[in-house]
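Dear colleague,

I am handing over the structure we spoke about, with the sequence alongside. My notes on what was found follow below, and I would be glad if you read them with the model open.

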There are 2 protein chains.
Amino acid sequence: MPASSVNKDLQAERAKCSFDKNEFTLWWVGGSDKLKEKNDLEKFLENDPDFHNTTPLHFLSHKELYEETIRQSTAIFRKVRKFHEDRGNGDPSNYMANLGGLLGNGIIRQGNPLGIHFAMFVPALLGHASPEQQAEWLPRALKVQMLGTYAQTELGHGTFLRGLEATATYDERTQEFVLHSPTLSSYKWWPGGLAHTANYCVVMAQLYSKGKCHGIQPFIVQLRDEETHMPLKGITIGEIGNKLGMNGVNNGFLGFDQVRIPRKNMLMKNAKLLEDGTFVKPPSQALTYGTMMFVRVIIVRDTAIHLAKVATIAVRYSSVRRQSHINPDQPEVQVIDHLTQQYKLFPTIARSIVFKLAADNLWQMYTQVTAELDQGNLERLPELHAIACCLKAVTTADGAKSVEVCRMACGGHGYMTCANFYNLYGFVTAACTYEGENTVLLLQTARYLVKVWNQAIKGQPLGPTVQYLANFIQNKTNRHPWIDTVPGIVKALHTVAAGKLRLAFEHIEQRKKAGYTHEEAVNLTALELTQTADAHCRAFLVQSAYEMIEKLCQTATAPFAKVMRSICELYAYNEAIESIGSLVRFTTISESDINRLQVKLEQTLLAIRPNAVSIVDAFAIPDVLLGSPLGAYDGNVYEKLYEEAKKSPLNQEPVNKSFHLYLKPFMRSSL
Amino acid sequence: MPASSVNKDLQAERAKCSFDKNEFTLWWVGGSDKLKEKNDLEKFLENDPDFHNTTPLHFLSHKELYEETIRQSTAIFRKVRKFHEDRGNGDPSNYMANLGGLLGNGIIRQGNPLGIHFAMFVPALLGHASPEQQAEWLPRALKVQMLGTYAQTELGHGTFLRGLEATATYDERTQEFVLHSPTLSSYKWWPGGLAHTANYCVVMAQLYSKGKCHGIQPFIVQLRDEETHMPLKGITIGEIGNKLGMNGVNNGFLGFDQVRIPRKNMLMKNAKLLEDGTFVKPPSQALTYGTMMFVRVIIVRDTAIHLAKVATIAVRYSSVRRQSHINPDQPEVQVIDHLTQQYKLFPTIARSIVFKLAADNLWQMYTQVTAELDQGNLERLPELHAIACCLKAVTTADGAKSVEVCRMACGGHGYMTCANFYNLYGFVTAACTYEGENTVLLLQTARYLVKVWNQAIKGQPLGPTVQYLANFIQNKTNRHPWIDTVPGIVKALHTVAAGKLRLAFEHIEQRKKAGYTHEEAVNLTALELTQTADAHCRAFLVQSAYEMIEKLCQTATAPFAKVMRSICELYAYNEAIESIGSLVRFTTISESDINRLQVKLEQTLLAIRPNAVSIVDAFAIPDVLLGSPLGAYDGNVYEKLYEEAKKSPLNQEPVNKSFHLYLKPFMRSSL
């Protein structure tokens, strides 16, 4: 692109860059091999007629959107497959990550119904199918000769798994399971791709054998004929309707009327049902934690990627948009020069980076703990589970707020669907609910923390993420932390988390003494418990970011290290300011500490200001994935908004038929 | 409706009601006459085929949605007109409020393009047209023989009015104005109904006469031929595209290429342009404040009504939905029994009521101040303006958050478009941006507060909403407030607001001493200034609610008074908890005060719990306006969700054509 066509304000911003953007990008994408593959793949797709010159999805009807999404997703899948085969990399498991990255991160704006096949159906086979079952199903699944989804949630039942109603009753006579939906509320509801796309499904149902219930087990069920795609006998299937976002995902419902499947269709890697109907328990329940944890790492990482897009759009637009004077004798300023605007945008940049680091950190912990698991060592599993739960909850909740803050920072234009905030919000806010509703997850973390508190007061050894509780109890923590530095803030936030945990623990004990059951006492203390888990998570996020950035800075050039440290400081100062009430309660910080913190926050915003555009440039998100006239690399915002408007089908004719049908007769009716 | 068809949990909830619902409803709608009219009108529309058995808007394409919206809005308008004419009330200005209430509050889910005619075009005529001009235009406008909109915002210019670029240049020779859009960024952008609906428009443009600019003035411009609806010569017009919400509103763009209009089309109630091109200034700029203030009252009131709907949907659903045990030996509980759920829902009930009271209060102040204005007394105008600005900002910001908290409290089902949270969010979050972007409005309030602080330290008399500043300065405020009561919390919040204002004021002064201009110093202190305005507003909201509820309680029955006081307490305790950091900084509350506050908040939630369903029932929102399967009066949530799903056009055929077109060939391609 010739430089002359780039908006002048953006050119000036880029000229101010103080660091090596390529160094940042290499770190962000994970090395030069990955960067090359990313660039090649994006180039391969960039000018593809399959994704250009089509009517934007937001002008289509719900049904048309589904049809266009199927067209686009199958086309992308073919191309990505070809891309990898051409490079001698034909094994689908090798390019699933790339495909997931592309499909899951919005080249198709409203998500797609094939994603769930790779994100849940294949992982369910890997996690629950025995080696013989994998040999039967996996090759066809990887080649997408069968297309699957994963059905667990029911119309009346979500997070509380034991409440699921669908049944699979073993019939010894025929060695079959009879799948059945006894009520409307037991209809499977929500699985992506279930409605009109998938022809197979892993179904979670209550296993009954010999008149006894053996709890929830996974079954593989064929839903539709492979030739005609017609639903099979006894299967009621359809889509659940329009949603706030992700309308390409084709979420469906599924009811069973006495549907028979062979015994071998129960996935038996863990629990088993013998031919005679005898149930064999799995060696350990812990084994099933793996997939859940893996999905949470993905959610945290995806949230980081969504926020990188959001920040890119909002920062570039705010550098082009001019509004209001600061000094009345000068022209209107770039809105990014308003301190209030910086306070809306830059924390989102910081969150994107800190969440990515948290996902990397969680991934390291996950691989370490699963390696220990394979050795039969389950010790660190609860700690990992606890931190994964709260990280998923806090990053998605903060992420969703961040999207909306940045959208509103772009004023009215942010409200346009084409600006792409709306689609990104649809993804991020959905993640607050799925894979464990956030409040439920915070309570799971809190439950772990309460147990650990009990161990800590007894002086038992604690895992690394909760070691601070021992320090707190042994009074090793300085109650007057020096919050001018990031490590000081980490200590202060640890003191807050420990202080909140102590209070919640005491209130549970008091309520139990007053006659409540433990469970009732926990419910009555639930507000404090969620706040405790939240505080625990925030301390972890700052600590994790600090340690990983300091490690990075050991090998980074000085200018890049400076940028990363300022990002880390902004995140930490902002978290401290947001927690100021708790800091004042649980530490001994003074009014002058608070005033200094406010000044430091403001100084850090101003320090980041000159590099803001260059930092989002370094996220290296091509226009085709960014998908926003407000955020395009060239900054020609108004021209691009006008182009988008002209695509509206309403603008293809000067007078809409509704004028003649309704409006004119109405206006004449009162003559 | 027979009681037997009502969900049993809801029946049990209603049986627990401790107060007279009718008393609540009468207060909420404003008396028995209004209640009767509301009931009659709702009955009149309830079973109307024009609003039933049609495909829900969210399944339509963008274009179809517009066409269906025009059909529905003209039909509703005719019916409401007939309803009033049948009652001998044929003057349109009498039923505009009802129409606004119906059209503006979502009987048409995505807004409508006629609303702006009544909300802005007619008020603009009333506010800016001279008596002769009103005689010419108003009768046709009121009968909707001409359909108007109001065009101010441009593609490149929003809140900062002086930055508008469109010009109206007076040509003395022909006694005409020439309207022109000199750049793409000067295109009018956003006006509702502008795209394909309105045929007239009030346009704000820079007036040039005799080579001199006289600032922004209003002009009435015909856009389309009344017979053919074709755009007139020199007019480029269309719609701006799809949005996050309000897609029925038909927001448009408008460019002028040397369009000539007669001199009399400049609205000359205030400023005038004589035949010879002489510009005559208006007697006072203050007169134009009126409409703006009026619109802000409406926004606060509408936010309250939107939140009443949100609370109704979420509270009823949470009473029907069951999830998780509290005690393991008992069945799954209603989710409303989880304290965390109560903390998500009940503050929204409280906000709805407190915001309605604030709107009533603001309305009283507005009528009083406009009466004073008519007497030539402008004294209280800045105070009114300041409180209106921050009330609009805080209620819409808190309102938008409330919608999302309640939506997410309904889990996955809240994410469905048919649940109607999404449409309501579209309305409430849009109000954060339009009619003065929230941050800009908070800074306007702050600017007023800084001025008042200057007066206060000089001992000058202050208006009632800022009287607390004098008390603060004279040290009359008890720095250790008794926050166990609502008046104590009001005092505490006043101390916080005053404390923040003092700090911001000092920091501006320090920065000026360091060499910054006043404006630069203000920009560098803008974070603290917005927080100051926010604190000022929150104190006002609690105080206003307390005083108005105490007044109401003088005549209310004891059970109703008890409910209203518990609502007021919940709001106050919650605001105090949310401000805990500031309370600790600026007052001397202790750790035991905070613990007591937390306990009081929890107790208030539990106290409201038995009446929660009855309170939302008393908002008296009929199912047709609520428009949500989750919130229907009978609570048959799952049946209604399934009915909604069955309406999807995708569900009208077992196999979608995309299977044969794309999916099957794709799945076979890797055989």
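A good place to start is A:Gly192, which counts as buried because its relative accessibility is 4%, under the 20% cut-off used for that word. Please keep in mind throughout that this is a predicted model.

A:Gly192 sits in the loop that links strand S4 (188-189) to strand S5 (200-209) of chain A. Leaving aside residues up to four places away in sequence, A:Gly192 is in contact with A:Ile116, A:Thr149, A:Val249, A:Asn250 and A:Asn251. The residue also appears in a UniProt record: an unreviewed entry lists A:Thr153 and A:Gly192 under "binding site". The two span 40 residues in sequence, yet no two of their C-alpha atoms are more than 11.2 Å apart, so they gather at one spot. A:Thr153, for its part, belongs to the loop between strand S1 (148-151) and strand S2 (167-171) of chain A, and with a relative accessibility of 28% it counts as partly exposed. Among the residues that A:Thr153 touches, again without those up to four places away in sequence, are A:Tyr187, A:Lys188, A:Trp189 and A:Trp190.

As for the overall arrangement, chain A is divided into domain 1 (145-282) and domain 2 (438-618), and the centres of these two domains of chain A, taken over C-alpha atoms, are separated by 42 Å. Chain A can be superposed on chain B by a rotation of 180 degrees with 0.0 Å of shift along the axis, at an RMSD of 0.0 Å. That is the relation of a two-fold axis, and the same surface serves both copies, since 100% of the contact residues of chain A recur in chain B.

In chain B, I would draw your attention to an open sheet of 3 strands with the order S4-S8-S7 and antiparallel pairing. Its edge strands are S4 (188-189) and S7 (235-239) of chain B, each of which pairs on one side only. Strand S4(B) is joined by 2 bridges to strand S8 (residues 252-256) of chain B, and the two run antiparallel; here B:Lys188 has B:Leu254 of S8(B) as its bridge partner. S7(B) and S8(B) also pair in the antiparallel sense, over 5 bridges, with B:Thr236 standing opposite B:Gly255 in S8(B). Although S7(B) is an edge strand, it is mostly covered, with 4 of its 5 residues buried.

Where does B:Lys233 lie? B:Lys233 is placed in the loop between strand S6 (212-222) and S7 of chain B, and at 80% relative accessibility it counts as exposed. Its C-alpha atom is separated by 9.1 Å from that of B:Phe256, a residue 23 places away along the chain.

Two backbone details deserve a look, given that most residues other than glycine have a negative phi. A:His229, which is in the loop between strand S6 (212-222) and strand S7 (235-239) of chain A, has a positive phi near 70 degrees, and at 1% relative accessibility it counts as buried. B:Asn420 has a positive phi of about 80 degrees although it is not a glycine; this residue is in the loop between helix H11 (411-414) and helix H12 (421-430) of chain B, and it is buried, with a relative accessible area of 3%. In chain A, helix H12 (residues 421-430) has 10 of its 10 residues buried, so it is largely enclosed by the rest of the structure; among the buried residues of H12(A) are A:Phe421, A:Tyr425 and A:Ala430.

Finally, there is the nonpolar interior. The largest nonpolar core has 339 residues, and those with the most contacts inside it are A:Phe24 and B:Phe24. Helix H9 (residues 339-374) of chain B gives the most to this core, with 17 residues. Not counting residues up to four places away in sequence, A:Phe24 touches A:Phe19, A:Ile353, A:Phe560, A:Met564, A:Ile615, A:Ala618 and A:Phe619. Apart from this core lies another, of 25 residues, among them B:Leu179, B:Cys201, B:Leu254 and B:Val259; B:Leu254 is also the bridge partner of B:Lys188 in the sheet described above.

With best wishes

Key. Residues are numbered from 1 along each chain as its sequence is written. Chains are lettered from A and ligands numbered from 1 in the order in which they are written. This is a predicted model: local features need pLDDT of at least 70, side-chain atom pairs count only at pLDDT 80 or more; totals for chains, interfaces and linings use all residues. Side-chain values use heavy atoms; hydrogens and water are left out. Two strands pair if DSSP finds at least two bridges between them. Buried means under 20% relative accessible area, exposed over 50%, partly exposed in between (1.4 Å probe, protein chains only). Copies are superposed by least squares on the C-alpha atoms of residues with pLDDT of at least 70 in both. Contact means heavy atoms within 4.5 Å. Domain bounds come from an automatic or database domain assignment. A nonpolar core is a set of buried Ala, Val, Leu, Ile, Met, Phe, Trp, Tyr and Cys residues joined through side-chain atoms within 4.5 Å. UniProt positions are given in the numbering used here, feature names are shortened, and annotations may be inferred rather than shown by experiment.
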